[in-house]
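Some terms used to describe a structure rest on cut-offs. The exchange below asks how each term is earned.

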Amino acid sequence: MPNKQANAVNDEVIDAISRFLAKPPEGTPVEVIQAFDLFGGKRFLPPTLFLETVEQAPVAISITDSHARILYANAAFEQLTGYSRDEVLGKNESVLSSKSTPLEVYQDLWDTIAERRIWRGTLVNHRKDGTEYLAELTISPVLNQDGAVSYYLGMHRDITGVHALQQRLAYQKSLIEAALDVAPMVVAMVDEDRKILLDNHAYKALLADSGSEEPAQLFLGALEQQAGLELAAVCHGGVGFTNVEVRLDIKGPRSPRWFTCSGVPIPDLDDAARSYFETGRAGRCGLLLIANEVTDSRRRINEARLNMIRANMAEQQVVQTMREAISASIFKMQAPINIIKAAMSMAKIGGDCANMGPVLSQALADGEEAIESLHQALPGPSVEQTATLNLNELVQDVLRLSTQQFLASGIVIDWRAAPVLPSVTGSPNALRGMLKYLVDNAVQAVTESGGDFREIRVETRTEDDQVLVVVMDNGPGMPEYMALKAFEPFYCGWEDPRGHAGMGLTMAQEVAINHGGGIEIDSGFVGGCRVFARLSCAGGRENRT
Ligand code: FAD
């Protein structure tokens, strides 16, 4: 370009910049104003300095007339597009168009800049050699003194690499999601606030089964309560866990369900600016949770276990019956012995029966010997190993053991298990015996009431540091005086007392007390009887049955 012509263009550009700086359009990037200010601002830097600044800027800069005809292009423009400025000066910017940018994008571009607003967007450009690149473009209108657009300032950079990276990330994400979706196990990624960041089909299926309850929350609750694994501790400890079995009492026909869970702590994405340099800083963390359903195999194991429990309880029942019968005999024999003792003291003071002294002494000795032999015959309490127990599981065992009984008596069972319960440390057989006793009582009550609709509801829940099992029946209920007497040894209030020595509630109460709780009968309950069995989550004393 001849020098004269070049100078004329430069003057025109400088003039445009001065007008631009006099009234920059709203939204003009501050860097642009600052850069132009170097030339035209208060400091009145020499025009050459401004030109050098724009010329050497690492962004492709072009200045056009109001029809997008290029008046100026800097070195970065030449380098990026492959066109020398001689080749593009006077030509429309459309020389860069690869013709694959949708028309609506250009329409939006022109609509925006025609309204004297800044346009930012992405276009597909091609270089002189025909290769395409993705241009991130900003166009800023330059206004004349009358406020009309006289020039446009265009700045663009090649973001093909960024786009490729985004595409690759999106591709990898969809690959991971596709792989997770076909996996049969439940997979969820949760952050430290327990927010779900990612899940798969199996997770969504479980969500549909669990109604409104988010499965991840159920898993985290169960891991915490049943295995002592807290989310924050796992995340910050940096060590995951594998194959931890948990039980979820999700409402529905398949309840309860068992899963083996594994968790991998994963450092959270730290997109804070300062993390660019501080790569090692302790950030937040998430947990990748993988849960494999093992309900079917657990059911089979449970069936075998239940048979063992059935046998064990039958044995326990025999021992209990013997204990009750012998205890009752001791209790009953104590009465005549007391009478003999009273008669002997009367004989001592010379009453009518003074000459009966030796006979009474003999009777007393025989009686005491008989009581002693009964004490000897009384089976001792069995000491049971304590274990960490899930009360839902024990209630479930008892209900399944009683199924025949329910069916035979036409009783409807309404079992409302808390989805997640804290563990109880205690003696499984003693606790099952206690629960069985409460359920048997409920069966007897609804049967004796003779009503057409017989229902027993069993609920579990947590209150403070106690686990509660509530057994409700729609039988005749218990008045207040009876609710107290029922705990006395050998008290029997049933219409049909056969098979009841009156020791059951006494023994059940003892088991509950040994587990840091107790049994209460709610005599105010309307429409039947309600019994609460409370057990401490912290564990009780050594339990004897
Ligand atoms: P065109 O017919 O030129 O334009 C397509 C549509 O845009 C038209 O149908 C019309 O709706 C609208 N339009 C075009 N010109 C005007 C106008 N003067 N006034 C109002 N509406 C109009 N394009 C690129 O592809 N790559 C770039 O890097 C690029 N940089 C630019 C930088 C600046 C500073 C400016 C002002 C424009 C830039 N453009 C760029 C847009 C370019 O000028 C063309 O509009 C675009 O390339 C489409 O060209 P075309 O020949 O395919 O269609």
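The questions and answers that follow concern a predicted model.

Q: What makes the link between Lys173 and Glu177 a salt bridge?
A: A salt bridge needs a side-chain nitrogen of Lys or Arg within 4 Å of a carboxyl oxygen of Asp or Glu. The side chains of Lys173 and Glu177 meet at 3.1 Å, N to O, so the pair qualifies.

Q: Where do Lys173 and Glu177 lie?
A: Both belong to helix 7 (residues 160-182), four residues apart, which is about one turn of the helix.

Q: Why is Glu177 called partly exposed?
A: Because its relative accessibility is 30%, and partly exposed covers what falls between buried, under 20%, and exposed, over 50%.

Q: Which salt bridges does Asp414 form with Arg416 and Arg457, and how do you know that they count?
A: The side chains of Arg416 and Asp414 meet at 2.9 Å, N to O. Those of Arg457 and Asp414 meet at 3.4 Å, N to O. The limit for a salt bridge is 4 Å, so both pairs count.

Q: What makes the pair of Arg457 and Asp414 a link between distant parts of the chain?
A: Arg457 is in strand 14 (residues 454-463) and Asp414 is in strand 12 (residues 411-416), with their positions 43 residues apart in the numbering.

Q: Why is Asp414 called buried?
A: Because its relative accessibility is 17%, and buried means under 20%.

Q: Why are Arg416 and Arg457 called partly exposed?
A: Arg416 has a relative accessible area of 39% and Arg457 has 24%. Partly exposed lies between the cut-offs of 20% and 50%, so the term applies to both.

Q: How many salt bridges does the structure hold, and which residues are linked in a network of them?
A: The structure holds 31 salt bridges. The network links Glu245, Arg247, Asp249, Arg298, Arg305, Glu393, Asp397 and Arg432.

Q: What makes the approach of Tyr106 to the ligand a polar contact?
A: An N or O atom in the side chain of Tyr106 is 2.9 Å from an oxygen atom of the ligand. A polar contact is a pair of N or O atoms within 3.5 Å, so this one qualifies.

Q: How do you know that Trp110 and Lys99 also make polar contacts with the ligand?
A: A polar side-chain atom of Trp110 lies 2.7 Å from a ligand oxygen. For Lys99, an N or O atom of the side chain is 3.3 Å from an oxygen atom of the ligand. The limit is 3.5 Å, so both are polar contacts.

Q: How much of the ligand does the protein bury?
A: The ligand taken alone exposes 910 Å², and the protein buries 73% of that.

Q: Which part of the protein gives the most to the shell around the ligand?
A: Helix 6 does, with five residues. By class, the shell has 10 nonpolar, seven polar and two charged residues.

Q: Why is Cys492 called partly exposed, and where is it found?
A: Its relative accessible area is 27%, which is between 20% and 50%, so the term fits. Cys492 is found in the loop between helix 16 (480-485) and helix 17 (504-514).

Technical notes. Residues are numbered from 1 along each chain as its sequence is written. This is a predicted model: local features need pLDDT of at least 70, side-chain atom pairs count only at pLDDT 80 or more; totals for chains, interfaces and linings use all residues. Side-chain values use heavy atoms; hydrogens and water are left out. A polar contact is a pair of N or O atoms within 3.5 Å; within protein, one must be able to donate a hydrogen and the other to accept it, and residues adjacent in sequence count only if both atoms are side-chain atoms. Accessible areas come from the Shrake-Rupley method with a 1.4 Å probe; for residues, only the protein chains shown count as cover. Helices (H or I, at least four residues) and strands (E, at least two) are DSSP runs, numbered from the N terminus. Ala, Val, Leu, Ile, Met, Phe, Trp, Tyr, Cys and Pro count as nonpolar, Asp, Glu, Lys and Arg as charged, and the others, Gly among them, as polar. Buried means under 20% relative accessible area, exposed over 50%, partly exposed in between (1.4 Å probe, protein chains only).
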